[in-house]
Amino acid sequence: MMRPPFAPGPLLLFAAALGGLLLMLQLQLIGAAFERLGLSPGQALLLLAACLLGSAVNLPLATVHTEAPPTPPPSPGPGWRLLRHAPPFTGKTVLALNVGGGLLPTVFALHLLSVFPLPLGTAAAATALVALVCRLASRPLPGFGIAMPVLVAPVATALVALWLAPEPGLRAPLAYVAGTLGVLIGADLSRLGDIRRLGAPVASIGGAGTFDGIFITGIVAVLLA
């Protein structure tokens, strides 16, 4: 008996539908997180779109001479998230600030500090604890960038927010502030001294853009807190 020819159409439609469903679920989760931060659906969509567009923009800050990475570069292994990806080596590294993954989340975190009655001492302590965890958990990988286990920052941020928030209604903004600024300080700024050994033409603070460690940590931490 001859089998009918394989028709990929239904499988492609199923894959497209599944991808669309997962995308809608992610957008709903992000929207729910922003709603807990006091934004309307329209404001949340505007901020998300701005971060998405801004992820393609890096603002140059300085240029430093760098060392060549080892060949081949070591693999980060499973369960690690690359916060900065290294393009081909050129001998110089441009230190830049990513708009969507670094600048806008930081500005929004500072905005939350101004509109929510968060004690500055509590916010500073929470940020410092998350930054310490990120510093200890991250590591520079020449030829790749800065790597850190995917769930470390969100879980640590949520636990810190649950522990230090003065009241339940302030857990979400505290989690976003501590998660965003903690990853920025612990996994990015504290690692600036490792730039010369990364062998990357561009070292972008905020890394891969909107959905890198800084942005995602803030969102996931809000949902967990």
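**View 1. Helices α4 and α6 pack against each other in this predicted model.** Here we look at helix α4, residues 120-137, beside helix α6, residues 171-188. Two packed helices are described by the angle between their axes and the distance between the axes. For this pair the angle is about 45°, and the axes lie 7 Å apart. That angle makes α4 oblique to α6. The two helices cross in a right-handed way. On the α4 side, the residues that meet α6 are T122, A123, A126, T127, V130, A131, C134 and R135. On the α6 side you can find L174, V177, A178, G179, L181, G182, V183, I185, G186 and A187. Sorted by class, the residues of this contact are 12 nonpolar, five polar and one charged.

**View 2. T127 sits in helix α4.** Is T127 buried or exposed? With a relative accessibility of 8%, T127 counts as buried, because the cut-off for buried is under 20%. Which residues does T127 touch, once its neighbours within four places in sequence are left aside? They are V177, A178, L181, G182 and I185. Try finding T127 in the list of α4 residues that meet α6, then look across to V177 on the α6 side.

**View 3. Helix α4 also packs with helix α5.** Helix α5 covers residues 152-164. The axes of α4 and α5 come within 10 Å and cross at roughly 155°. This makes α4 roughly antiparallel to α5, because angles over 145 degrees count that way. The crossing of α4 past α5 is right-handed. From α4, the contact uses T122, A125, A126, L129, V130, V133, C134 and A137. From α5, the partners are V152, A153, A156, T157, V160, W163 and L164. How many residues of each class does the contact of α4 with α5 have? There are 13 nonpolar residues, two polar ones and no charged ones. While you are here, pick out T122, A126, V130 and C134 of α4: they take part in the contact with α5, and they are also listed in the contact with α6.

**View 4. Helix α3 packs with helix α6.** These two helices make an angle of about 140°, and their axes are 9 Å apart. The pair α3 and α6 is therefore oblique. Is the crossing of α3 past α6 left-handed or right-handed? It is left-handed. In α3, the contact residues are P105, T106, F108, A109, L112 and L113. In α6, they are P173, Y176, V177, T180, L181 and L184. The classes in the contact of α3 with α6 are 10 nonpolar, two polar and no charged residues.

**View 5. L110 belongs to helix α3.** L110 is partly exposed, with a relative accessible area of 48%. A useful landmark for this view is V177. L110 and V177 are 67 residues apart along the chain, and their C-alpha atoms are separated by 7.5 Å. You have met V177 before: it is one of the residues that T127 touches.

**View 6. Three strands form an open sheet.** The strands come in the order β1-β3-β6, and their pairing is mixed. Which strands are at the edges? They are β1 (58-65) and β6 (202-205), each of which pairs on one side only. From one strand to the next, the twist averages 25°. Helix α3, residues 99-115, packs on this sheet and touches β1, β3 and β6. The direction of α3 makes about 45° with that of β3.

**View 7. Strand β3 pairs with both β1 and β6.** Strand β3 spans residues 92-98 and runs antiparallel to β1, with seven bridges joining the two. To follow this pairing, start at H65, whose bridge partner in β3 is K92. Then look for A62, which stands opposite L95 in β3. On the β6 side, four bridges join β3 to β6, and these strands run parallel. There, L97 stands opposite I205 in β6. Why is β3 described as largely enclosed by the rest of the structure? Because five of its seven residues are buried.

Methods:
Residues numbered from 1 in each chain as written. Predicted model: local features only at pLDDT ≥ 70, side-chain atom pairs only at ≥ 80, totals over all residues. Heavy atoms only, no water. Axes fitted to C-alpha atoms, helices over the stretch in contact; angles between N-to-C directions. Parallel < 35°, antiparallel > 145°, perpendicular 65-115°, else oblique. Left-handed = near helix turned anticlockwise from the far one by under 90°. Contact = heavy atoms within 4.5 Å. Nonpolar A, V, L, I, M, F, W, Y, C, P; charged D, E, K, R; others polar. Pairing = 2+ DSSP bridges. Buried < 20%, exposed > 50% of the residue type's maximum accessible area, 1.4 Å probe, protein only.
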